[in-house]
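Student: I have a sequence and a structure in front of me, and I would like to work through them slowly. Could we go through them together by question and answer?

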Amino acid sequence: MGTAMKDCRKEERFSVAHSVNLGNAGGITRDFSTSGMYIETAMPDMPYVPGDKIGPTIKLDCPWGELILKCNGEIVRVENRQGGIGLAMKINELAMASDS
């Protein structure tokens, strides 16, 4: 029997797939809320551990143009996935800026 993990999410998450720039690699969001997100990347050797500070950017295509979400937060979980890793992150700061 496995041990169930407690769900510590503060906000509802939505299943969305958007491109993410992690600075040293790219990825795709699996889910997102204003308080956290889960990112999947095909880079299996990324040196992230829980507690690491992270600042990904997410590109969104909107009717008025491209919107960039700049996030600052910390990694709360790292999962080995087939061909890559998954990063669960807590968002401490979220800012929007248009890419113009």
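Student: How many of the six residues of E4 are buried?

Tutor: This is a predicted model, and all that follows is read from that prediction. A residue counts as buried when its relative accessible area is under 20%. Strand E4 is largely enclosed by the rest of the structure, because the number of its six residues that are buried is five.

Student: Thr41 is found in strand E4; is Thr41 buried or exposed?

Tutor: Leaving aside neighbours within four places in sequence, Thr41 is in contact with Ala25, Gly26, Gly27, Met46, Gly83, Gly84 and Ile85. The side chain of Thr41 also reaches the backbone oxygen of Gly26, at 2.8 Å. Its relative accessibility is 8%, which is under the limit of 20%, so Thr41 counts as buried.

Student: Which strand does E4 form a hairpin with?

Tutor: The hairpin has three residues between its two strands. These strands run antiparallel and are joined by four bridges, and within this pairing Tyr38 in E4 has Asp31 standing opposite. The partner of E4 in the hairpin is E3.

Student: What is the relative accessible area of Thr29, and where does Thr29 lie?

Tutor: Thr29 has its place in strand E3, which covers residues 26-32. When neighbours within four places in sequence are left aside, the contacts of Thr29 are Val16, Ala17, His18, Val20, Met37, Tyr38, Ile39 and Ile58. Thr29 is buried, because its relative accessible area is 3%.

Student: Which backbone nitrogen does the side chain of Thr29 reach?

Tutor: The side chain of Thr29 has a polar atom lying 2.9 Å from the backbone oxygen of Val16. The side chain also reaches a backbone nitrogen at 2.9 Å, and that nitrogen belongs to His18.

Student: The charged end of Arg30 sits over which ring?

Tutor: By the rule for pairs of aromatic rings, the count in this model comes to zero. There is, however, a charge placed over a ring, with the charged end of Arg30 lying 4.0 Å from the ring centre. The ring belongs to Tyr38.

Student: Arg81 touches which residues, if those up to four places away in sequence are not counted?

Tutor: Arg81 has its place in strand E7, and Arg81 counts as partly exposed because its relative accessibility is 35%. Along the sequence Arg81 and Met43 are 38 residues apart, yet their C-alpha atoms are 9.8 Å apart in space. The residues that Arg81 touches are Arg30, Tyr38, Glu40 and Gly86.

Student: Which residues of the largest nonpolar core touch the most other members?

Tutor: In soluble globular proteins, nonpolar side chains tend to be buried together. The largest nonpolar core here has 19 residues, and those touching the most other members are Leu22, Met37, Tyr48, Ile58 and Leu87.

Student: Which strands each supply at least two residues of this core?

Tutor: Leu87, taken as an example, touches Leu22, Met37, Tyr38, Ile39, Tyr48, Ile54, Ile75, Arg77 and Val78, not counting residues up to four places away in sequence. The strands that each supply at least two residues of the core are E4 (36-41), E6 (57-62), E7 (65-81) and E8 (84-98).

Student: How many bridges pair E6 with E7?

Tutor: E6 is joined to strand E2 (residues 19-21) by two bridges in an antiparallel arrangement, where Asn21 stands opposite Thr57. With E7, E6 forms a hairpin through two residues, and Asp61 has Glu66 as its bridge partner in E7. E6 and E7 are also antiparallel, and the number of bridges between them is six.

Student: Is Glu12 buried or exposed?

Tutor: Glu12 lies in the segment before strand E1 (14-15). Its contacts, leaving aside neighbours within four places in sequence, are Phe32 and Ser33, and the C-alpha atoms of Glu12 and Phe32 are separated by 8.4 Å. The relative accessible area of Glu12 is 58%, which is over the limit of 50%, so Glu12 is exposed.

Student: What percentage of the residues in the protein chain is buried?

Tutor: The protein chain has zero helices and eight strands, and along the sequence its pattern reads β-β-β-β-β-β-β-β. Of the 100 residues in the protein chain, the buried ones make up 33%.

Key: Residues numbered from 1 in each chain as written. Predicted model: local features only at pLDDT ≥ 70, side-chain atom pairs only at ≥ 80, totals over all residues. Heavy atoms only, no water. Buried < 20%, exposed > 50% of the residue type's maximum accessible area, 1.4 Å probe, protein only. Polar contact = N/O pair within 3.5 Å; in protein donor to acceptor, adjacent residues only side chain to side chain. Contact = heavy atoms within 4.5 Å. Phe/Tyr/Trp six-rings, centres within 6.5 Å; stacked < 30°, edge-to-face > 60°. Lys NZ or Arg CZ within 6 Å of the ring centre and 35° of its normal. Core = buried A, V, L, I, M, F, W, Y, C linked by side-chain atoms within 4.5 Å. Pairing = 2+ DSSP bridges.
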